[in-house]
Amino acid sequence: MKSKISLTMVVLVSIIFFVGLRGGFSLKIDVHEILRENGAHIELDLSERLEDLDMSDTGCDFDSPVAFKGMISNVKGILKLTGRLKLDYTAKCYRCLKEVKCSMDIGIEENFVKSETEKDDESYLYEGDYIEIDKPLKDNILLELPMKHVCEEECRGICPKCGCDLNSTQCDCTEESTDPRLEGLKDFFKN
Ligand SMILES: [Zn+2]
Ligand SMILES: [Zn+2]
(Lines give C-alpha, C1' and ligand atoms only; values in the text may rest on other atoms or scores of the structure.)
(Ligands and ions follow the chains in the order given, each with its own letter.)
Protein backbone atom coordinates (compact mmCIF):
# COMPACT_ATOMS: atom_id res chain seq x y z
CA MET A 1 0.00 0.00 0.00
CA LYS A 2 3.02 2.26 0.13
CA SER A 3 3.36 4.74 -2.69
CA LYS A 4 6.35 4.92 -4.97
CA ILE A 5 6.65 8.63 -4.32
CA SER A 6 7.47 8.20 -0.67
CA LEU A 7 10.38 5.94 -1.64
CA THR A 8 12.20 8.90 -3.05
CA MET A 9 10.96 11.20 -0.37
CA VAL A 10 13.31 14.00 0.35
CA VAL A 11 12.99 15.70 3.66
CA LEU A 12 14.84 18.94 3.84
CA VAL A 13 17.20 19.87 6.53
CA SER A 14 14.78 22.03 8.47
CA ILE A 15 14.55 19.11 10.84
CA ILE A 16 17.97 19.47 12.29
CA PHE A 17 18.21 20.49 15.88
CA PHE A 18 21.19 21.75 17.69
CA VAL A 19 21.00 20.60 21.21
CA GLY A 20 23.44 21.42 23.93
CA LEU A 21 24.15 18.25 25.87
CA ARG A 22 26.54 17.98 28.76
CA GLY A 23 28.30 21.07 27.49
CA GLY A 24 28.81 19.33 24.16
CA PHE A 25 27.18 19.85 20.85
CA SER A 26 25.11 17.52 18.80
CA LEU A 27 23.81 17.51 15.28
CA LYS A 28 20.54 15.67 15.68
CA ILE A 29 18.62 14.62 12.64
CA ASP A 30 15.02 13.52 12.73
CA VAL A 31 14.81 10.28 10.76
CA HIS A 32 11.29 9.14 11.63
CA GLU A 33 10.02 9.75 8.07
CA ILE A 34 12.63 7.54 6.41
CA LEU A 35 12.49 4.85 9.09
CA ARG A 36 9.03 3.90 7.85
CA GLU A 37 10.20 3.27 4.30
CA ASN A 38 12.98 0.99 3.10
CA GLY A 39 14.94 2.92 0.48
CA ALA A 40 13.86 6.38 1.60
CA HIS A 41 16.49 9.01 2.18
CA ILE A 42 17.08 12.47 3.60
CA GLU A 43 19.41 14.83 1.79
CA LEU A 44 21.78 16.84 3.88
CA ASP A 45 23.58 20.02 3.00
CA LEU A 46 24.95 21.66 6.06
CA SER A 47 27.57 24.00 7.17
CA GLU A 48 28.27 24.07 10.86
CA ARG A 49 30.96 25.23 13.14
CA LEU A 50 32.67 22.59 15.22
CA GLU A 51 33.88 24.99 17.88
CA ASP A 52 31.82 23.39 20.61
CA LEU A 53 32.92 19.90 19.80
CA ASP A 54 35.89 19.09 21.94
CA MET A 55 38.70 19.01 19.42
CA SER A 56 41.15 20.88 21.65
CA ASP A 57 43.35 17.83 22.15
CA THR A 58 44.26 17.91 18.46
CA GLY A 59 46.18 21.18 18.82
CA CYS A 60 44.40 22.49 15.73
CA ASP A 61 41.87 25.29 15.39
CA PHE A 62 38.72 24.37 13.57
CA ASP A 63 37.81 27.96 13.01
CA SER A 64 35.70 27.73 9.90
CA PRO A 65 32.45 25.83 9.45
CA VAL A 66 32.49 22.21 8.44
CA ALA A 67 30.58 21.65 5.22
CA PHE A 68 28.83 18.35 4.77
CA LYS A 69 26.86 17.35 1.72
CA GLY A 70 25.31 13.93 1.50
CA MET A 71 22.41 11.84 2.63
CA ILE A 72 21.02 9.40 5.13
CA SER A 73 19.35 6.38 3.56
CA ASN A 74 17.29 3.63 5.05
CA VAL A 75 18.74 0.36 3.81
CA LYS A 76 16.61 -2.33 5.41
CA GLY A 77 16.56 -0.57 8.74
CA ILE A 78 20.24 0.35 8.71
CA LEU A 79 20.68 4.08 8.33
CA LYS A 80 23.58 4.83 6.02
CA LEU A 81 25.24 8.21 6.22
CA THR A 82 27.17 8.98 3.04
CA GLY A 83 28.62 12.15 1.60
CA ARG A 84 31.57 14.49 1.55
CA LEU A 85 32.92 16.58 4.35
CA LYS A 86 35.07 19.63 3.76
CA LEU A 87 36.74 21.85 6.27
CA ASP A 88 39.49 24.38 6.69
CA TYR A 89 41.52 24.48 9.84
CA THR A 90 44.67 25.96 11.30
CA ALA A 91 47.47 23.78 12.56
CA LYS A 92 50.96 24.53 13.86
CA CYS A 93 54.10 23.56 12.01
CA TYR A 94 55.80 21.00 14.23
CA ARG A 95 59.24 22.32 13.31
CA CYS A 96 58.87 26.12 13.54
CA LEU A 97 55.47 26.43 15.30
CA LYS A 98 54.19 28.83 12.65
CA GLU A 99 50.49 28.61 11.84
CA VAL A 100 49.65 26.52 8.82
CA LYS A 101 46.37 26.81 6.96
CA CYS A 102 45.11 23.36 6.02
CA SER A 103 42.05 21.90 4.44
CA MET A 104 40.43 18.51 4.38
CA ASP A 105 38.05 16.90 1.93
CA ILE A 106 36.92 13.42 2.89
CA GLY A 107 34.33 10.88 1.85
CA ILE A 108 32.04 9.76 4.66
CA GLU A 109 30.40 6.37 4.84
CA GLU A 110 28.96 5.29 8.18
CA ASN A 111 26.18 3.02 9.37
CA PHE A 112 23.74 3.56 12.19
CA VAL A 113 21.98 0.56 13.69
CA LYS A 114 19.08 0.37 16.07
CA SER A 115 20.26 -2.22 18.57
CA GLU A 116 23.44 -3.26 20.26
CA THR A 117 23.14 -6.77 18.77
CA GLU A 118 23.50 -5.47 15.20
CA LYS A 119 26.32 -3.18 16.15
CA ASP A 120 29.90 -3.90 15.14
CA ASP A 121 33.01 -1.83 15.78
CA GLU A 122 32.38 0.26 12.71
CA SER A 123 28.77 1.26 13.27
CA TYR A 124 26.97 3.75 15.46
CA LEU A 125 23.82 3.32 17.49
CA TYR A 126 20.69 5.38 17.15
CA GLU A 127 17.78 5.74 19.47
CA GLY A 128 14.20 6.64 18.73
CA ASP A 129 13.63 8.95 15.80
CA TYR A 130 16.96 10.73 15.79
CA ILE A 131 20.51 10.08 14.77
CA GLU A 132 23.39 12.24 15.91
CA ILE A 133 25.90 12.73 13.18
CA ASP A 134 28.45 14.89 14.98
CA LYS A 135 30.27 11.91 16.47
CA PRO A 136 30.88 10.10 13.14
CA LEU A 137 31.88 13.40 11.50
CA LYS A 138 34.31 14.14 14.30
CA ASP A 139 35.68 10.57 14.23
CA ASN A 140 36.33 10.90 10.50
CA ILE A 141 38.10 14.23 10.96
CA LEU A 142 40.33 12.82 13.70
CA LEU A 143 41.15 9.79 11.60
CA GLU A 144 42.12 11.96 8.65
CA LEU A 145 44.08 14.54 10.65
CA PRO A 146 47.83 14.13 10.08
CA MET A 147 49.93 13.52 13.21
CA LYS A 148 52.27 16.32 12.20
CA HIS A 149 51.83 19.39 10.06
CA VAL A 150 54.68 21.18 8.39
CA CYS A 151 54.53 24.71 6.90
CA GLU A 152 56.69 23.60 3.98
CA GLU A 153 58.86 20.57 3.34
CA GLU A 154 62.05 22.65 3.53
CA CYS A 155 61.11 24.24 6.86
CA ARG A 156 64.31 24.42 8.92
CA GLY A 157 62.53 24.80 12.23
CA ILE A 158 63.81 26.71 15.22
CA CYS A 159 67.26 26.56 16.73
CA PRO A 160 67.14 24.22 19.72
CA LYS A 161 69.67 26.42 21.54
CA CYS A 162 68.58 30.04 21.04
CA GLY A 163 65.09 29.49 19.71
CA CYS A 164 65.46 31.67 16.62
CA ASP A 165 63.56 30.81 13.46
CA LEU A 166 66.15 29.23 11.17
CA ASN A 167 64.01 29.99 8.12
CA SER A 168 64.65 33.70 8.50
CA THR A 169 67.69 33.92 10.80
CA GLN A 170 71.09 32.32 10.86
CA CYS A 171 72.37 32.18 14.42
CA ASP A 172 75.92 31.34 15.54
CA CYS A 173 74.92 28.35 17.57
CA THR A 174 73.63 26.32 14.66
CA GLU A 175 77.05 24.93 13.76
CA GLU A 176 77.68 23.55 17.23
CA SER A 177 74.27 22.17 17.88
CA THR A 178 74.30 18.43 17.61
CA ASP A 179 71.55 15.95 17.61
CA PRO A 180 71.01 15.08 21.30
CA ARG A 181 71.01 11.42 20.30
CA LEU A 182 74.58 11.82 19.10
CA GLU A 183 75.83 13.60 22.26
CA GLY A 184 76.47 10.27 23.96
CA LEU A 185 78.47 9.01 21.00
CA LYS A 186 80.64 12.12 21.03
CA ASP A 187 81.62 11.40 24.64
CA PHE A 188 82.20 7.78 23.77
CA PHE A 189 84.73 8.67 21.09
CA LYS A 190 86.48 11.16 23.41
CA ASN A 191 87.34 8.43 25.88
ZN1 LIG B 1 57.69 25.44 9.66
ZN1 LIG C 1 70.64 29.48 17.69
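**Exercise 1. Which residues of β4 lie on the covered face, and which on the uncovered one?**

Solution. Note at the outset that the model is predicted.
- Step 1: take the covered face. Val66, Phe68, Gly70, Ile72 and Asn74 belong to it.
- Step 2: take the uncovered face. Here stand Ala67, Lys69, Met71, Ser73 and Val75.
- Step 3: find a helix that packs on the sheet. Helix α3 (residues 134-144) does so and touches β4 (66-75), β5, β6 and β7.

**Exercise 2. Set out the strand order of the open sheet that holds β4, and find its edges.**

Solution.
- Step 1: list the strands. The order is β3-β4-β5-β6-β7, an open sheet of 5 strands with mixed pairing.
- Step 2: look for strands with a single partner. These are β3 (41-48) and β7 (124-125), so each has one side without a neighbour in the sheet.
- Step 3: recall how pairing works. Strands of a sheet pair through backbone hydrogen bonds, in either a parallel or an antiparallel sense.

**Exercise 3. Characterise the pairings from β3 through to β6.**

Solution.
- Step 1: β3 and β4. They run antiparallel, with 8 bridges. Leu46 has Phe68 of β4 as its bridge partner.
- Step 2: β4 and β5. This pair is antiparallel too, joined by 9 bridges. Ile72 faces Leu81 in β5.
- Step 3: the link between β4 and β5. The two strands make a hairpin with 2 residues between them. Lys76, in the turn, has a positive phi of about 50°.
- Step 4: β5 and β6. Residues 78-92 and 99-113 pair antiparallel over 14 bridges. Gly83 is opposite Ile108 in β6.

**Exercise 4. Determine which side of α3 is buried, and what it packs against.**

Solution.
- Step 1: orient the helix. The direction of α3 makes about 130° with that of β6.
- Step 2: pick out the buried residues of α3. They are Pro136, Leu137 and Ile141.
- Step 3: check their spread. They span an arc of only 140° around the axis, which places them on the same side of α3.
- Step 4: find their partners. The buried residues of α3 pack against β4, β5, β6 and β7.
- Step 5: turn to the face pointing away from the buried side. Leu142 and Leu143 are exposed there.

**Exercise 5. Place these elements in the whole chain.**

Solution.
- Step 1: count elements. The protein has 4 helices and 8 strands.
- Step 2: read along the sequence. The pattern is α-β-β-α-β-β-β-β-β-β-α-α.
- Step 3: gauge burial. Of the 191 residues, 17% count as buried.
- Step 4: gauge contact range. Among contacts between residues at least 6 apart in sequence, 56% join residues at least 24 apart.

Methods: Residues numbered from 1 in each chain as written. Chains lettered and ligands numbered in written order. Predicted model: local features only at pLDDT ≥ 70, side-chain atom pairs only at ≥ 80, totals over all residues. Pairing = 2+ DSSP bridges. Contact = placed C-beta atoms within 7 Å. Axes fitted to C-alpha atoms, helices over the stretch in contact; angles between N-to-C directions. Buried ≥ 20, exposed ≤ 12 C-beta atoms within 10 Å, placed from the backbone. Arc of directions from axis to C-beta.
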